[in-house]
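Dear colleague,

Here is the structure I said I would pass on. My notes on it follow below.

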Amino acid sequence: MRGFRVWSDFWKRYAFDAELYPDGSLYAMFEDDDGVAHHEDTDLVLEFETGLKDKNGREIYEGGIVKYDRRGSSYAVTYRKYDASFVLENDDREEIIFFHHDKQSDYEILGNIHENPELLEVGK
């Protein structure tokens, strides 16, 4: 199984610890501003790792915003269930991520859709 991360709409941050169970339920821990850990199981967003890394060696996850050098624009990384593919999307276009053709140097992580939605405007 590929890695994953969990975003909380309540805490407005990613979990520092999370488990995904076979029934699809999640266990996630978040730290408040005082450093106290809290368990959360509602308003969670599960984001899977794509299997690619960016030019700086960082894992690219669903929900990430990346600059794709072949096009010069920024894209949100999304997962399409109907054909089980990761795609890059912005208002102008959609690009399927081709794992066997794309190189690490083609991508640079700029942020994520939760904390940096304004980054999707870059490069348009």
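The largest nonpolar core of this predicted model has 11 residues: Leu52, Ile60, Val66, Tyr68, Tyr75, Val77, Phe86, Leu88, Ile97, Tyr107 and Ile109. At least two residues of this core come from each of β8 (64–68), β9 (73–80), β10 (85–89) and β12 (107–112). There is also a second, separate core, made of 5 residues, with Val6, Trp11, Leu26 and Phe30 among them. As background, nonpolar side chains tend to be buried together in soluble globular proteins.

Next, the sheet. Four strands form an open sheet with antiparallel pairing, in the order β2-β1-β6-β7. The edges are taken by β2 (13–14) and β7 (59–61); each has a single partner strand, so one side of each is left without a neighbour in the sheet. The pairing of β2 with β1 (residues 4–8) is antiparallel and runs over 2 bridges. In one of these strands, β2, Tyr14 is the bridge partner of Trp7.

One residue deserves a separate entry: Glu62, in the loop between β7 and β8. Which side chain of opposite charge is nearest to Glu62? That is Lys81, 8.1 Å away; Glu62 is buried and has no salt bridge. A salt bridge would need a side-chain nitrogen of Lys or Arg within 4 Å of a carboxyl oxygen. Leaving aside residues up to four places away in sequence, Glu62 touches Arg5, Leu46, Glu47, Phe48, Thr50, Val77, Thr78, Tyr79 and Phe86. Of these contacts, Val77 and Phe86 also belong to the largest nonpolar core.

Regards

Technical notes:
Residues numbered from 1 in each chain as written. Predicted model: local features only at pLDDT ≥ 70, side-chain atom pairs only at ≥ 80, totals over all residues. Heavy atoms only, no water. Pairing = 2+ DSSP bridges. Core = buried A, V, L, I, M, F, W, Y, C linked by side-chain atoms within 4.5 Å. Buried < 20%, exposed > 50% of the residue type's maximum accessible area, 1.4 Å probe, protein only. Lys, Arg positive; Asp, Glu negative; His and termini not counted. Contact = heavy atoms within 4.5 Å.
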